[in-house]
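The following explanation leads through the structure shown below. Please keep the sequence and the coordinates at hand while reading.

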Amino acid sequence: MRKTFSALLVSTLVLTGCATVRDSRVNPFNWFGSAQSEPREQPQASTNPLIPQSSGLFAGARAKTEVYLGQPIDQVTNLTVEKTPGGAMIRATGLAARQGIYKVQLTPANEDELPVDGVLTYRLEGILPDNTAVGAQPTREVIAGRAVTDQMLAGVRTIRIEGQRNALTSRR
């Protein structure tokens with residue numbers, strides 16, 4: 001017990017002494033030396049340092065834009081607009097003509113997603129695989145949502161969701 005206590009006491013004193021000697025090589029905080037300032041090569045003026053450069057293994061895949069091949073859903077059965085902090089959540093329920101529909105989304109009717117005469121219009125669309133069964137109504141039901149901001153809702157009085165055979169609207 002005495003030997004262990006003595007060894008701990010001596011090692012504690014040695015390490016404490018290393019901290020007081022700043023320029024000592026024994027001091028573990030001094031092993032890498034002090035920091036020095038070096039000039040840095042400036043980037044060319046033609047590149048913006050805030051825009052990341054496209055490089056890497058998946059840079060080519062990122063550059064490709066995917067074309068959405070969705071078709072309008074047969075019927076829109078329900079539309080709810082729920083207020084959220086900073087905007088609203090639009091949720092539309094639809095009934096597809098057949099089972100197996102996937103990648104369902106609310107697609108804006110115009111490219112800029114701007115209201116026309118106070119009406120913000122979306123299409124409920126999905127991708128339907130070939131040769132699928134018609135199936136029962138619960139197996140064909142789909143739900144899609146889209147978040148919109150308060151800025152997008154400025155001047156909007158009506159939200160309209162269109163399907164292939166009908167459209168539902170929600171007014172303020």
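In this predicted model, three strands form an open sheet in the order 2-3-6, and their pairing is antiparallel. The edges of the sheet are strand 2, residues 75-84, and strand 6, residues 141-149, each of which has a pairing partner on one side only. From one strand to the next, the twist averages 15 degrees. As a general matter, the strands of a sheet pair through backbone hydrogen bonds, in either a parallel or an antiparallel manner. Strand 3, comprising residues 87-95, runs antiparallel to strand 6, and nine bridges join the two. One of the positions that can be followed here is Ala-92, whose bridge partner in strand 6 is Ala-144.

The sheet may now be placed within the whole chain. The chain holds four helices and eight strands. Read from the N terminus, its elements follow the sequence α-α-β-β-β-β-β-α-β-α-β-β. Of the contacts between residues at least 6 apart in sequence, 65% join residues that are at least 24 apart. The chain has 172 residues, and buried residues make up 24% of them. The area that the chain exposes is about 13,400 Å², of which carbon and sulfur atoms supply 55%.

Which residues contribute to a nonpolar patch on this surface? Phe-5, Leu-9 and Leu-13 form such a patch, and together they present about 340 Å² of accessible area. Leu-9 belongs to helix 1, which spans residues 2-20. The relative accessibility of Leu-9 is 44%, and Leu-9 therefore counts as partly exposed, because this class lies between the limits of 20% for buried and 50% for exposed residues.

Charged side chains provide a further set of relations. The model contains six salt bridges, where the criterion is a side-chain nitrogen of Lys or Arg within 4 Å of a carboxyl oxygen of Asp or Glu. One of them joins Asp-150 to Lys-83, with the closest N and O atoms 3.3 Å apart. This pair links distant parts of the chain, since Asp-150 lies in helix 4 (residues 150-153) and Lys-83 lies in strand 2, with their positions 67 residues apart in the numbering. Lys-83 is thus located in an edge strand of the sheet described above. The two partners differ in accessibility class: Asp-150 is partly exposed at a relative accessible area of 36%, whereas Lys-83 is exposed at 66%.

A second salt bridge is formed by the side chains of Arg-123 and Glu-125, at an N to O distance of 2.9 Å. How accessible is each partner, Arg-123 and Glu-125? Arg-123 has a relative accessible area of 25% and is partly exposed. Glu-125 reaches a relative accessibility of 7%, so it counts as buried. Another of the salt bridges brings together the side chains of Glu-162 and Arg-160, N to O, at 3.1 Å. Here Glu-162 is partly exposed with a relative accessible area of 23%, and Arg-160 is likewise partly exposed, with 30%.

Arg-160 and Glu-162 also appear in the surroundings of Thr-121. This threonine lies in strand 5, residues 119-127. With its neighbours within four places in sequence left aside, Thr-121 is in contact with Thr-107, Pro-108, Ala-109, Arg-160 and Glu-162. Thr-121 has a relative accessible area of 16% and is accordingly buried, because the limit for that class is 20%. The two partners of the salt bridge between Glu-162 and Arg-160 are therefore both among the contacts of a buried residue.

Finally, two loop residues deserve attention for their backbone geometry. Where do the positive phi values of Asp-117 and Asn-131 occur along the chain? Asp-117, with phi near 55 degrees in a residue other than glycine, is found in the loop between strand 4 (102-108) and strand 5. Asn-131 also has phi near 55 degrees, and it too is a residue other than glycine; its position is in the loop between strand 5 and helix 3 (137-140). Asp-117 is exposed, with a relative accessible area of 68%. Asn-131 counts as exposed as well, at a relative accessibility of 78%.

Definitions and conventions
Residues numbered from 1 in each chain as written. Predicted model: local features only at pLDDT ≥ 70, side-chain atom pairs only at ≥ 80, totals over all residues. Heavy atoms only, no water. Patch = residues over 30% accessible without salt bridge, like charges linked within 9 Å, V, L, I, M, F, W, Y side chains within 5 Å. Areas by Shrake-Rupley, 256 points an atom, 1.4 Å probe, with all protein chains shown as cover. Buried < 20%, exposed > 50% of the residue type's maximum accessible area, 1.4 Å probe, protein only. Pairing = 2+ DSSP bridges. Axes fitted to C-alpha atoms, helices over the stretch in contact; angles between N-to-C directions. Contact = heavy atoms within 4.5 Å.
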